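Open the model in your viewer and keep the selection panel at hand. The tour goes stop by stop, from a helix pair to single residues.

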Amino acid sequence: MTRTAPLALSPSISREFAFVAVATVVGALLRIWALGRLGLVHFDEGVYAISGLWAIGPQGLSGLDPMVVPYAPPGFPFLVGLAFKVLGPSDVAAILVSVTTGSLAVPAAAWLARRTFGAGAGTAAAALAALSGFHVAFSRMALTDASFLLCWLVGLIVAQRFLERPSATRGIALGIAVGVAQLFKYSGWTLGAVVPLTAVAIAVSDPSRRTSAYQMRVWGFGLLAAAIAAAMYAPWFAFVENHGGYRGLLTHHSGYVGSLDSWFGHWSIQLEQVGALSGGWGWSLAAWLPAVAGAILVRPDSKGWARSWRGLGLLAMLAAGVFAPTFPWWIGLGWLVMAGRDGSPGRMLLGVAWIGLSVLTPFYHPYARLWLPIQSLGWIAGAGAIAGLVAPGGTAIVRFGLRSSLLGFCGLAALAQGLWLTPTPSLAERGTGVLAPSDSLRTAVGRALGDLPPGIPGLRLLARPPATFYLGGRAAARIEPDLDGLLHDQGEGAWALVDLAQLRQSGDPAATTARLLEHWELVGAYPTTLNPVTLLDVDPAAARGVRPAEADAPLWLLRPRRIGGSR
């Protein structure tokens, strides 16, 4: 009886696997850096942390706090609740969900890049994802974005497989992937939308897939996928209908949608935000240098690059990636939109996704976090370009002509934009980098509670939801929706805890502060700092030149002023 020898991985695949594994570990270490000094600071983080308390409530998931409805579907609060069950309710447990999913995005990006552009692209994408300052910043916060990006990357892989060979099994997998994405972010529908759009593009550009057999499978099993995605989302739709109605939710979100006139301004601001959260040229060098080195390492046919024009191309890419933090968007324009000789369904899917998101995203309010899926497509495009320059062939081929000219134009445009942004230093260079501590609000709430005298009937709270989470029932709190509540009803001797980040939303800071202090006496002030992501959400244009004072948002402990000798 002949014994079959075990299958062995080729040296190049083994090296690529090892490189991606190391990049994943490095990425995880960066995201978990100084975990004990991380805390909740963003308004939305408090909402998700409070919503995650379903896990320790008597009703379980059915007791999910409906306050989360305007912010996100239940996917992220569900994971936060699971973390609370395992680790106990804390800010660190909530943040660990993003740390974990953000770290897993590294091998997911590598997988997507390798199956799209071949050997070498996986290592390059892993390095770009692991060391992306922009992505690290969101992976260290209890926001939905790191978790959603993982769903997005895995969903693109599932969608590629479906478009390459449609079948019932792959249609079911696609439906599940789209359903999961929709349960993590309201924009998750975009994953499902790019699939039929790509199917149309394939029918137009690929004669081999215009056959009735392929078209019947892709549309028939696509409808199956849509039905499964809708069925997965239906329980949340019903929940929203029972808590304000889905029409009200759509009306709420439509208030954030701009017009055609605002598109270019929003696009420009979001690219500036990418630069502000990039961490500076040191982070970019740490990402692009191993991306190039990793691609060279795993390609056995990469020896000729140093003695040809491809070596100059790699140096030019390295320079653009280091000095132009917006280069991932520009390389996406040059490498994904024009499929060139590679008209594979997987490549076309990424091109359609890049075009669709790049057009749609700037119509919405320019929140930096909305740019993450586009940024991830930039990693994949950059990885494909690196792999093509290191060893041309297969799906990553580079040739002179219209496409290489477009790539050169995109590189020059990225460098020009990088030089334009250079006079405005990144937030990292202003001392509020992506690895900076974010526990100041937790410390401030603890100090304020320590200064409360015994016998106080409670606290009036005008603060970000993280402050409510940190109070954790240690003091009876009445949440005020706005400043007017504090001014017109001073309660029965209750003190107040006011967050200046919230007070600034009530109008001119000087005028609102003066009105507040006419009725309340300041007892204590406790410094807190808005981290870069929160600061850019409060003021998206802060990337253009923020003053240090804008990041300061102290908590004030107040007591009612004495009126006529009494309180």
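Residues are in contact here when they have heavy atoms within 4.5 Å. Keep in mind throughout that this is a predicted model.

**The whole chain**

Start with everything shown. The protein chain has 24 helices and five strands. Of its 567 residues, 55% count as buried. Now think about contacts with a sequence separation of 6 or more: 81% of them join residues 24 or more positions apart.

**Stop 1: α7 against α17**

Select residues 145-164 for helix α7 and residues 372-390 for helix α17. Their axes lie 10 Å apart, and the packing angle is about 50°. That angle makes α7 oblique to α17. The crossing of α7 past α17 is right-handed.

Which residues of α7 and α17 meet? Show side chains on both helices. From α7, pick Asp145, Phe148, Leu149, Trp152, Leu153 and Leu156. From α17, pick Leu372, Pro373, Ser376, Leu377 and Trp379. Colour this contact by class: nine residues are nonpolar, one is polar and one is charged.

**Stop 2: aromatic rings**

Next, display the aromatic side chains. The count comes to 18 aromatic pairs. Zoom in on one of them, Trp54 with Phe78. The ring centres are 5.7 Å apart and the planes differ by 5°. The pair counts as stacked, because planes under 30 degrees apart fall in that class.

Where in the chain do Trp54 and Phe78 sit? Trp54 is in the loop between α2 (43-51) and α3 (75-87), while Phe78 belongs to helix α3. The two are 24 residues apart, so the pair links distant parts of the chain.

Are Trp54 and Phe78 buried or partly exposed? Trp54 has 9% relative accessibility and therefore counts as buried. Phe78 has a relative accessible area of 34%, so Phe78 is partly exposed.

Stay with the rings and select Trp263, Phe264, Trp267, Trp329, Trp330 and Trp354. These six residues form one aromatic cluster. Leave Trp330 highlighted for the next stop.

**Stop 3: Ala320**

Move to Ala320, in helix α14 (residues 309-323). Ala320 is buried, because its relative accessible area is 2%. Draw a distance from its C-alpha to that of Trp330. The viewer should give 10.0 Å, for two residues ten apart along the chain.

**Stop 4: Leu487**

Select helix α21, residues 483-488, and centre on Leu487. Is Leu487 buried or exposed? Leu487 is buried, since its relative accessible area is 7%.

Now look for its partners. Ignore neighbours within four places in sequence, and Leu487 is in contact with Arg515, Leu516 and His519. Take Leu516 from that list. Leu487 and Leu516 are 29 residues apart in sequence, yet 6.7 Å separates their C-alpha atoms.

**Stop 5: Ala34**

End in the loop between α1 (11-31) and α2, at Ala34. Check the backbone here. What is the phi of Ala34? Phi is positive, about 50°, although Ala34 is not a glycine. Switch on the surface to finish: with a relative accessible area of 39%, Ala34 is partly exposed.

Technical notes: Residues numbered from 1 in each chain as written. Predicted model: local features only at pLDDT ≥ 70, side-chain atom pairs only at ≥ 80, totals over all residues. Heavy atoms only, no water. Axes fitted to C-alpha atoms, helices over the stretch in contact; angles between N-to-C directions. Helix = DSSP H or I, 4+ residues; strand = E, 2+ residues; numbered from the N terminus. Parallel < 35°, antiparallel > 145°, perpendicular 65-115°, else oblique. Left-handed = near helix turned anticlockwise from the far one by under 90°. Nonpolar A, V, L, I, M, F, W, Y, C, P; charged D, E, K, R; others polar. Phe/Tyr/Trp six-rings, centres within 6.5 Å; stacked < 30°, edge-to-face > 60°. Buried < 20%, exposed > 50% of the residue type's maximum accessible area, 1.4 Å probe, protein only.
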